[in-house]
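Student: I have a model open and would like to talk it through before I go back to the bench. Could you take my questions as they come?

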Amino acid sequence: YFDNHANLIKFFLKSPPSLVFNLCDEGFNNRATQELHICALLEMLNIPYTGAGPGCLAICYDKSLTRAIAQALEIPVPDEIWIDPSNSSAAIPNSFPVILKPSSGDSSIGITQHAVVNDAEQLVNYYDWLKSLLPNIPILIQEFLSGDEYSVGIIGNPSNFEILPILEV
């Protein structure tokens, strides 16, 4: 176990491990925006590691980009309004309920029990709260899709995947 970020690069250069079991899901120096940097460093040093690569992590950090890729692959996605962080007003969608969330980030930061709104007044209130919490982050207003949510873990390589049990979120 190694959590000394100040000496991480020196450590890897001095005695590179044969494999890193990467649990650094909150980023270099605990900055979520730098989650991909650990994997990029490991790749530059030719140190094998577990988990997604830096390109995948960069894409997944941007919810709007992830949605656009899914849409391009003809995967059904919710309708969405993207609001620039410099915009001082919220767009009002045609129908409710909708969910408001930051366009970038992970760990459900900015998504609370009040993120799903049912009318314009709730939308404006939550939008104002989100902008105060994350002032420089674009905000998404998405069609709310009701129903169960599931997560499926997959371990392995393309020729040998193991599907883990399905979890209901």
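## Talking through the model

Student: Before the details, where does Ile 163 lie?

Tutor: Ile 163 lies in strand 7, which covers residues 160–163, and please keep in mind that this is a predicted model.

Student: And is Ile 163 buried or exposed?

Tutor: Ile 163 counts as exposed, because its relative accessibility is 56% and the cut-off for exposed is over 50%.

Student: Which residues form the nonpolar patch on the surface?

Tutor: The patch is made up of Tyr 150, Val 152, Ile 154, Phe 161, Ile 163 and Ile 166, and together these residues have about 640 Å² of accessible area.

Student: Switching to helix 2, which of its residues are buried?

Tutor: In helix 2, which runs over residues 35–44, the buried residues are Glu 35, Ile 38, Cys 39, Leu 41 and Leu 42. They sit on the same side of helix 2, because the arc they cover around the axis is only 155°.

Student: What do those buried residues pack against?

Tutor: The buried residues of helix 2 pack against helix 1 (8–14) and helix 3 (54–61).

Student: What happens just after helix 2?

Tutor: Just after helix 2 comes Asn 46, which takes a positive phi of about 55°.

Student: Now cysteines, since I care about redox: how many disulfides does the structure hold?

Tutor: The structure holds zero disulfides. For Cys 60, the closest cysteine sulfur is the one in Cys 56, and at 4.0 Å it is too far for a bond, since the two sulfur atoms of a disulfide have to be within 2.5 Å.

Student: How buried or exposed are Cys 39 and Cys 60?

Tutor: Cys 39 is buried, with a relative accessible area of 1%, whereas Cys 60 counts as partly exposed at 46% relative accessibility.

Student: Last topic, how many salt bridges does a search of the whole structure find?

Tutor: The search finds one salt bridge. Glu 80 forms this salt bridge with Arg 67, and the closest N and O atoms are 3.7 Å apart. Glu 80 belongs to strand 1 (residues 80–83) and Arg 67 to helix 4 (residues 63–72), so the pair ties together parts that are 13 residues apart in sequence.

Student: Are Glu 80 and Arg 67 buried or partly exposed?

Tutor: They fall on either side of the cut-off, because buried means under 20% relative accessible area: Glu 80 counts as partly exposed at 21%, while Arg 67 counts as buried at 16%.

Key
Residues are numbered from 1 along each chain as its sequence is written. This is a predicted model: local features need pLDDT of at least 70, side-chain atom pairs count only at pLDDT 80 or more; totals for chains, interfaces and linings use all residues. Side-chain values use heavy atoms; hydrogens and water are left out. Buried means under 20% relative accessible area, exposed over 50%, partly exposed in between (1.4 Å probe, protein chains only). Helices (H or I, at least four residues) and strands (E, at least two) are DSSP runs, numbered from the N terminus. The arc is that of the directions from the helix axis to the C-beta atoms. Contact means heavy atoms within 4.5 Å. Patches are made of residues with over 30% relative accessible area and no salt bridge: like charges are joined within 9 Å, nonpolar side chains (Val, Leu, Ile, Met, Phe, Trp, Tyr) within 5 Å. Accessible areas come from the Shrake-Rupley method with a 1.4 Å probe; for residues, only the protein chains shown count as cover. A salt bridge is a side-chain nitrogen of Lys or Arg within 4 Å of a carboxyl oxygen of Asp or Glu.
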